[in-house]
Amino acid sequence: METAPKPGRDVPPKKNRLQAKKKKPRRYWEEETTLTAAGASPGPPGNKKRNRELRPQRPKNANIAKKSRISRKRQLPKKPRERRNLEPQRSVSGAQDPFPGPAPVPVEVARKFRRIDKSKKLPHSKSKTRSRLEVAEAEEEEISIKAARSELLLAEEPGFLEGEDGEDTAKIRQADIVEAVDIASAAKHFDLNLRQFGPYRLNYSPTGRHLAFGGRRGHVATLDWVTKRLMCEINVMEAVRDIRFLHSEALLAVAQNRWLHIYDNQGIELHCIRRCDRVTRLEFLPFHFLLATASETGFLTYLDVSVGKIMAALNARAGRLDVMTKNPYNAVIHLGHSNGTVSLWSPAMKEPLAKILCHRGGVRAVAVDSTGTYMATSGLDHQLKIFDLRGTFQPLGARTLPQGAGHLAFSQRGLLAAGMGDVVNIWAGQGKASPPSLEQPYLTHRLSGHVHGLHFCPFEDVLGVGHNGGITSMLVPGAAEPNFDGLESNPYRSQKQRQEWEVKALLEKVPAELICLDPRALAEVDVISLEQEKKERIERLGYDPEAKAPFQPKPKQKGRSSTASLVKRKRKVMDEEHRDKVRQSLEQQPQKQEKKAKPLRARPSALDRFVR
């Protein structure tokens, strides 16, 4: 019978734990492990008790003094401090990034999105105000860099119509363009034959998805022109002079023969504003929620559609007003007059901000581009001129037209369309920020009736033309901005998204008092007003309170340096200085003249009591 071996006798020695442990697998994101001790191989991190530093086994009969419990505790080696930026970062695959850090942004691209002019130095102001201005500049710089980087995500590119060698693009017809484009783009060209109720005025919604048009004989309709789905169609039984969408396609303003009416997208009349009578032209300012109306009586009226209140009614003193447009950059209204001038108006001023003499005859049409840089005008002298609105108001170019342009319109990318009788001419420039060249037309199209209204569709290469025979939708390659901001104007938004956008727009509504020629001046410090206020304060007090440093009381002990006692001591010193200054100013003033002696009378009168 075999007996179990006693401990310590003929027992095979236990295998070394280092040899028993398996080799730890290396992950693909880890670097090669350093060489371990001789004869040792790293093992998996299993049990914490086994994952201790292994010590060499001592012989059995060795007399080694026992250590204290403190020495038996595990001594963890101190981790050295990580040094940053010493080694290049590695990706998940283990490869080294050849271009570490953020991608560089060209200065020219970032400058395009910058709104603060850094060439102007900050004025000498208080440290708190100056720090706020510096923080605002830093935030604006960061936002411009982010916008420049995100420009790479704009996949769509604008395209223009290019002819063959020596071919004139103005001779290319709409039928040729429709045959060359795809089916979806070809469906955007159509004609609506509505000779019974013409001529027509038309307007596209801010998103570019819906079209509203109104005829002179009372026909009003709105439709989704992309899908050709009719939203509403009514006859107001009254002459329609102009039509405009408000902040969304759900509300529609119609200038009828007598008063201004507001309709919804179902054709139901919501309001009738009788204070706006005999209206000839309409313009809507989306960021201010203001509807501007020009009337036959010569009044320019601003109606706040968010509260239903008339903000201003300005008398232009120039007779009938039937030429009006808006500047999309600063929300200034441009009015054309019969004496050849164009006046610029703001609801905060009763007088025009500026007057520009444009033509020797009456002004027939005015248009301003989307950047607010250029203004195109046409007059009875058959002249088509382009003016620079950047403070100089000087003409940049002029062209004599055989019939004269009765209607003008700018596209989002700076193309200029002019309606001359039954012909529409379109001129193009070098780019979005350059004026259109009036030497050679870009496109030409002849209609079945005289032009009565022009409007470019936002975010679509489409020009809507209203004429005596109805509505014509022209294809104009390169007219619109190819990339739209989904948070601002989304053509594919749902009803819920439209409602949320409307609430946000109402919260961010810009006051009408901030409309001016240069909106960048609102973010600058008015140094002249500050100096004028300082002078008025010195004259009112009789001395300069900022000439001397303010009094700072010394701290005291035993609770006498409380906040209330410090304020009391400061006020006492300020009152004493004020008394001294007032006493000195009184001494410098000349003495008052003595009262005139009363004339001696032989007999006093009862009226002497009223004599002073």
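In this predicted model, strand 23 and strand 24 (residues 423-427) pair in the antiparallel sense. The pairing runs over 5 bridges. Gly419 of strand 23 faces Val424 of strand 24 across one such position. The two strands form a hairpin with 2 residues between them. Gly421 adopts a positive phi near 65° in this hairpin.

Strand 23 also pairs with strand 22 (residues 407-410). This pairing is antiparallel too, and 4 bridges make it up. Here Ala409 stands opposite Ala417 of strand 23. Strand 22 and strand 23 likewise form a hairpin, with 5 residues between the strands. In its turn, Gly414 has a positive phi of about 90°.

The surroundings of strand 23 (residues 416-420) follow from its accessibility. Of its 5 residues, 5 are buried, so the strand is largely enclosed by the rest of the structure. Both faces are covered. Leu416, Ala418 and Met420 are buried on one side. Ala417 and Gly419 are buried on the other.

A further set of strands forms an open sheet. Its 4 strands have the order 10-11-12-13, with antiparallel pairing. Strand 10 (279-285) and strand 13 (309-315) stand at the edges. Each has a single partner strand, so one side of each lacks a neighbour in the sheet. On average, neighbouring strands are turned by 20° against each other, direction ignored. Within the sheet, strand 11 (residues 290-295) and strand 12 (residues 299-304) are joined antiparallel by 5 bridges. Leu291 has Leu303 of strand 12 as its bridge partner.

Strand 6 (residues 240-245) contains Asp242. Asp242 is buried, at a relative accessible area of 1%. A polar atom of the Asp242 side chain lies 2.9 Å from the backbone nitrogen of Leu282. Residues up to four places away in sequence aside, Asp242 touches Arg201, Ala253, Val254, Ala255, Thr280, Arg281 and Leu282.

Arg241 is also found in strand 6. Its relative accessibility is 16%, and Arg241 therefore counts as buried, the cut-off being under 20%. The side chains of Arg241 and Asn257 make a polar contact of 2.9 Å. Asn257 is one of several contact partners of Arg241 outside its neighbours within four places in sequence. The others are Arg201, Ala255, Gln256, Arg278, Val279, Thr280, Arg281 and Glu296. Arg241 and Val279 are 38 residues apart along the chain, yet their C-alpha atoms are separated by 7.6 Å. Arg201, Ala255, Thr280 and Arg281 appear among the contacts of both Arg241 and Asp242.

Helix 7 (residues 495-507) comprises 13 residues. From its first C-alpha to its last, helix 7 reaches 19 Å. This is close to the 18 Å expected at 1.5 Å a residue. Its buried residues are Arg498, Trp501 and Ala505. Viewed down the helix axis, these buried residues fall within an arc of 65°, so they line one face of the helix. Lys496, Glu500, Val503 and Leu507 lie on the other side of helix 7, where they are exposed.

Notes:
Residues are numbered from 1 along each chain as its sequence is written. This is a predicted model: local features need pLDDT of at least 70, side-chain atom pairs count only at pLDDT 80 or more; totals for chains, interfaces and linings use all residues. Side-chain values use heavy atoms; hydrogens and water are left out. Buried means under 20% relative accessible area, exposed over 50%, partly exposed in between (1.4 Å probe, protein chains only). A polar contact is a pair of N or O atoms within 3.5 Å; within protein, one must be able to donate a hydrogen and the other to accept it, and residues adjacent in sequence count only if both atoms are side-chain atoms. Contact means heavy atoms within 4.5 Å. The expected span of a helix is 1.5 Å times one less than its number of residues. The arc is that of the directions from the helix axis to the C-beta atoms. Two strands pair if DSSP finds at least two bridges between them. Axes are lines fitted to C-alpha atoms, for helices over the stretch in contact, and angles run from 0 to 180 degrees between N-to-C directions.
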